[in-house]
Each structure stands twice: as structure tokens, then as C-alpha cells.
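I opened my notebook to look up how strands, helices and buried side chains fit together here. Come along and read over my shoulder.

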Amino acid sequence: MGNLFCCVQVDQSTVAIREGFGRFEKVLQPGCHCMPWFLGKQLAGHLSLRLQQLDLRCETKTKDNVFVNVVASIQYRALAEKANDAFYKLSNTKTQIQAYVFDVIRASVPKLNLDDAFEQKNEIAKAVEEELEKAMSAYGYEIVQTLIVDIDPDEHVKRAMNEINAAARLRMAANEKAEAEKILLIKRAEGEAESKYLSGLGIARQRQAIVDGLRDSVLGFSVNVPGTTAKDVMDMVLVTQYFDTMKEIGAASKSSAVFIPHGPGAVRDVAGQIREGLLQASHQ
């Protein structure tokens, strides 16, 4: 019907190329346009101005000889002011973009180790975008965005990387556990040392109290019973302590304590040994 009335319609976000006798004449914007076909005018075709995306997968090798597949997404669109260049200069836009992308990726990734390639994805994408922008602007296309979506190494390489990561984490966990056990042992030793120190203070105070009590007993007994000596008082105290101890041993049903030699007369020998030990210590 449009050809019958010499009219054509151009949709929104699209431009049309008009030719006269096979020669480019004008870029038609969206709307209705007169197309007098009987005067040699014809519609050569339409060109979309919408944003388009091209997903590519490029296989290459890193510096440490690991083969990877680099997945890239290129977002591009034709420029309305250069629609004639975009329509006439390129026969296959996607193939042209793919050639430039592969060229840049295969020139950039082999300079990097595998770990560096993962870390520098943005730099690779920037290099691809700059090269594409410089090349495709001459053909009437704008590169809107270039993304390196993924870097996919071989499955065996990924498994090895996961094992290395797992081993490193296990080693870190073992170090942390050893450090925790070390701190626990140190704290336990410090606690035992403090406990023994306090126990020693308690024993020293107990013995001091015993000595003070014996001294007071000896002095009091000597005052109240004239003619007694300190030796007599100490013998009596030891005998008293002996019978108290035997009473406690006898009261226990399962006692394993044994006195050798046994008998009240042995107390005098024990007292003599204590005095001799004290005298020797004082002379030294």
C-alpha cells in the first residue's frame, strides 16, 4: 500500500536509507516519508539505533601456560548522524567487532599470570573498549560498554586452585589452633605458679602461727610451773601431738599411715632429731 501511494514508514529508534537510482541520497528519520519510486527513488534498508549486545567467548593462554576461556560482552549501537557509514561500510558488524575483541584479548592475557588475569579483568576490558572505540567510530558505531564477564580456566586447573586454597586455609587453621593451645598452656602454667605461690604463703603463715603458738605456750608453762625448761615443754607438746595424731588415724577406717619406729618412747627420739637439725642449721 505504501509503494502504491509512494509513501514509507520509518519506526521509532530506526532510520531508513533512501537511494536514487542506486546512489545514496538521504537518511530518513522515524515517521512517514514520500518515496516516488517512479522517479528512481527506493528504500535501500533500515538501520536500528537501539543498544545491542554481542557475547563472545575467546580461548587464550596466560603467561603461566594455562588455557582459559575469556567471556566478554560488548554493548554497542549505530550513530544516527553516521547512519550512512554504518549501513554501507560494514557488511557484518558482529564479525568485525569479534575480530577486534579477540585480537586485544589474545594480546593482553598472555602477558599476565592466571591470578593476575582474574585481578585485572577491568584493565583488560578497558583495553578492549579503547581499541573498539577507535576502530568502530570510523564505521558509524559507538561502543557503549565492554565487560569481561568471566575468565574460565580448565576444570582440572580450577580443582587444583581450590585444593591450594583449601590447603592454605587448613594451614592457617592449624596455626591458629596451635597458638590457642600455646596461650592455654601459658595461662595454665601461670595459674599453677600463682596457686603454688599462694599455697606457699599459706603454709609459711601456718608454720609461723604454729611457732608463735608454741612460743607462747612454752613461755606460759614456764611461768606457771617453776623449774621446767623449754625442752620439757617441747617434749610434752610433741607427746600431745603424737596422741592426737594416733587418735585421728584410729578414727579413720581405711588409713594407710604407719609410724616407724612406733611407740610413745619414739617421740623423744623424734624430738632429739628435730633439735639436732635445728642446731646444725643454726651453726651453718
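My entries below go from the sheet to the helices and then to the cores.

**Ground rules.** I am reading a predicted model, where local features need pLDDT of at least 70, side-chain atom pairs count only at pLDDT 80 or more, and totals for chains, interfaces and linings use all residues. Residues are numbered from 1 along each chain as its sequence is written, and side-chain values use heavy atoms, without hydrogens and water.

**Sheet.** I found an open, antiparallel sheet of three strands in the order β6-β7-β8. (Strands are DSSP runs of E, at least two residues, and helices are runs of H or I, at least four, numbered from the N terminus; two strands pair if DSSP finds at least two bridges between them.) At the edges I noted β6 (52-61) and β8 (141-153), each pairing on one side only. I followed β7 (residues 67-78) along β8 and got eleven bridges; V70 faces I151 there.

**Helices.** Which strands does α2 touch? Helix α2 (residues 93-108) packs on the sheet and touches β6, β7 and β8 (contact means heavy atoms within 4.5 Å). Helix α4 (residues 121-136) lies across β7 and β8.

**Cores.** I looked up the largest nonpolar core (buried Ala, Val, Leu, Ile, Met, Phe, Trp, Tyr and Cys joined through side-chain atoms within 4.5 Å; buried means under 20% relative accessible area, with a 1.4 Å probe and protein chains only). This core has 35 residues, and I74 and L132 are among those with the most contacts inside it. Strand β7 gives the largest share, six residues. A second, separate core has five residues, including V8 and L28.

Conventions: Axes fitted to C-alpha atoms, helices over the stretch in contact; angles between N-to-C directions. Buried < 20%, exposed > 50% of the residue type's maximum accessible area, 1.4 Å probe, protein only.
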